[in-house]
Amino acid sequence: MMMHNNGNNGYGNGVMTSASPTTTSLSSSSASANGQSTQQQQGLKTYFKTPEGRYKLHFEKTHPPGILPYSHGKSVSQITLAHLKEKPTQAGSASSSGASTSGGVRNAAARLLGVGGGNGSRALSFVGGNGASKAANGTSRSSSLAGSNGSHSMLNSNYDGKGTYLMFNVGDSLFVSDLNTHDKDPIKSLHFSTSNPICHSFDPEAKDGHDLLIGLNSGDVYSVSLRQQLQDVGKKLVGAQHYNKEGSVTNSRCTSVAWVPKADGTFVVAHADGNLYVYEKSKDGTGDTTFPVVKDQNQFSVAHARSSKSNPIARWHICQSSINGIAFSSDGAYLATVGRDGYLRVFDYQKEQLICGGKSYYGALLCCAWSMDGKYILTGGEDDLVTVWSMEDRKVVAWGEGHNSWVSGVAFDSYWSSPTSDGTEESVMYRFGSVGQDTQLLLWDLSMDEIVVPLRRCPPGGSPTFSTGSQSSHWDSICPVGTLQPAPSMRDVPKLSPLVAHRVHSEPLSGLIFTEESILTACREGYVKIWVRPSNSESQSSNPEIPVGNSSKELPPLPGKTGASSYKSVHLLIYSSNTFS
């Protein structure tokens, strides 16, 4: 089942090991314009089955149709969800003004942007931040968003902005869509004239308004207020703080940005040159931003800024090649990075210390994600595998086999759990997902009471030793803190088979997000699909105005605490020692 990737698939030339889809995004747009179903044109099903029921395609989000196809190749679309809380009521303003203002803003946006389908006039439903819905008639479809001449002043008045928004980058623009509506087109476009946006991150707990980070191909980074961007009618950033301006720190492109959890205003930016910089958004960076030359390119090192006014405040030299992805544990204690060199690295963020890490089976690693409890890390990359790494064991504990091409996105489903779990560590089951350049979404179940962990690499010709208990002491004696382990042998790692494998797009996939009500999948061309969970399918179909992804929970439940499934299955295969070398 495991394949040795020959490097001819993936981002290099777009050729995949599986049958390559021939339907392009351009033909998809024309199909929609003719009133035909994009799903039918591409031979894609609008649902997929799981043991707990059907996930149904609720609606799609994408960019305006005027974007030229060649611009897609300059950057791969990534997706970010942002949930804006209600803006505090201004002194002296009536409490009831928010409802009418929000409704007026959305009606005006509908008229100006021409949002709607390509089949002529139809009624559009906008679910405002206050729950009130307004109807508007969309009679035209425009390839451009509202102009920046400021003539439509009603868009600027007291916009509360409450709701859930989806952001995705295509070409030289970052688009914002309202996740609470069925409108396919975005409600906002942010245009960058000098470079393409590559990555973005949202901080729901930001205190001073600047909650959105945007990293560019040029290496520049911006922090802005998402609410302020939605309030403005133009396509340019407003009220932005600019970091690494004109390459003052590095000319290397941004690869990933992330807010540091529970550290108000601190964020990190990873670059293609193997360096990661730590910033404080409260500083303008006018001080000295130079750092000493890295003495050993192969070793992890940290250098702090010479001046207290400097921004960035620190440089982490992670590796000699590109950092492809970064992710913080939910408590902010640990930072995981994956790189072009194929290594997962896990750092103690506060101590600035490399804790552990390991090599992929083959090729580069492209993505990583933490479980909510911080016990497991998922990685995916060019070996077509989804790797499950245990923080407790500091080791790969499972490989997921099922993709036919590079794995480009991984995520734990923190809103799902098995009702058979009693909350104890041994019985917890995790659900996670992955997407790849084979255009498939795969869902997986991982059960802790049945997985086996190899204690150590077995000698040549021998058999691995397994145990179901915690083996931290064993690994500590074998792999000291800071050790990067080589790729494990095939016979040493338990194998997972996917619970679900479903082709969800016609283009290679680039992103995956789980919400309380749905699963979001994105392809590299800038098309996003929202798949409603089985428990919400009937209510969504009977009442399409129910917001999708607008969770009322501040923090997702940990696995094993709540149940929405009546199914328990573990797909683990322990291959005999003579199956693989």
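# Charges, cores and backbone features of a predicted model

K45 is found in the loop between α2 (38-42) and β1 (47-50), where helices (H or I, at least four residues) and strands (E, at least two) are DSSP runs numbered from the N terminus. The structure is a predicted model, in which local features need pLDDT of at least 70 and side-chain atom pairs count only at pLDDT 80 or more, while totals for chains, interfaces and linings use all residues. Residues are numbered from 1 along each chain as its sequence is written, and side-chain values use heavy atoms, with hydrogens and water left out.

K45 has a relative accessible area of 52% and is therefore exposed; exposed means over 50%, buried under 20%, and partly exposed in between (1.4 Å probe, protein chains only). Together with K49, R54 and K56, K45 forms a positive surface patch. Such a patch joins like charges within 9 Å, from residues with over 30% relative accessible area and no salt bridge.

The interior may be considered next. The largest nonpolar core (buried Ala, Val, Leu, Ile, Met, Phe, Trp, Tyr and Cys residues joined through side-chain atoms within 4.5 Å) has 19 residues, of which V388, F432 and L446 touch the most other members. At least two residues of this core come from each of β22 (365-370), β23 (376-381), β24 (385-390), β25 (395-401), β26 (407-412), β27 (429-436) and β28 (440-447). Another core, of 18 residues, lies apart from it and includes C368, I377, L385 and W399.

Charged side chains also pair with one another. A salt bridge is a side-chain nitrogen of Lys or Arg within 4 Å of a carboxyl oxygen of Asp or Glu, and by this rule the count comes to 7 salt bridges. One of them joins K85 to E205, with the closest N and O atoms 3.7 Å apart. This pair links distant parts of the chain, 120 residues apart: K85 is in the loop between β3 (79-84) and α3 (97-113), and E205 in the loop between β9 (197-202) and β10 (212-216). K85 is partly exposed at 38% relative accessible area, as is E205 at 47%.

E280 and K283 also meet in a salt bridge, at 3.7 Å from N to O. E280 has 25% relative accessibility and so counts as partly exposed; K283, at 22%, is likewise partly exposed.

In the salt bridge between D413 and R533, the closest N and O atoms are 2.7 Å apart. D413 lies in the loop between β26 and β27, and R533 in the loop between β36 (527-532) and α6 (534-542), so this pair ties together parts that are 120 residues apart in sequence. Both D413 and R533 are buried. Elsewhere, E52, R431 and D445 are joined into one network by salt bridges that share partners.

The loop between β9 and β10 also holds K207, which is exposed with a relative accessible area of 69%. The C-alpha atoms of K207 and D264 are separated by 7.5 Å, although these residues are 57 residues apart along the chain.

Some backbone features remain. Most residues other than glycine have a negative phi, and most peptide bonds are trans. A cis peptide bond, with omega about 20°, joins N311 and P312; P312 lies in the loop between β16 (301-304) and β17 (314-317). N244, in the loop between β12 (241-243) and β13 (254-259), has a positive phi near 55° and is buried at 3% relative accessibility. R394, in the loop between β24 and β25, has a positive phi of about 50° and counts as buried at 18% relative accessibility.

How values were computed: Patch = residues over 30% accessible without salt bridge, like charges linked within 9 Å, V, L, I, M, F, W, Y side chains within 5 Å. Areas by Shrake-Rupley, 256 points an atom, 1.4 Å probe, with all protein chains shown as cover. Lys, Arg positive; Asp, Glu negative; His and termini not counted. Charge placed at Lys NZ, Arg CZ, Asp CG, Glu CD.
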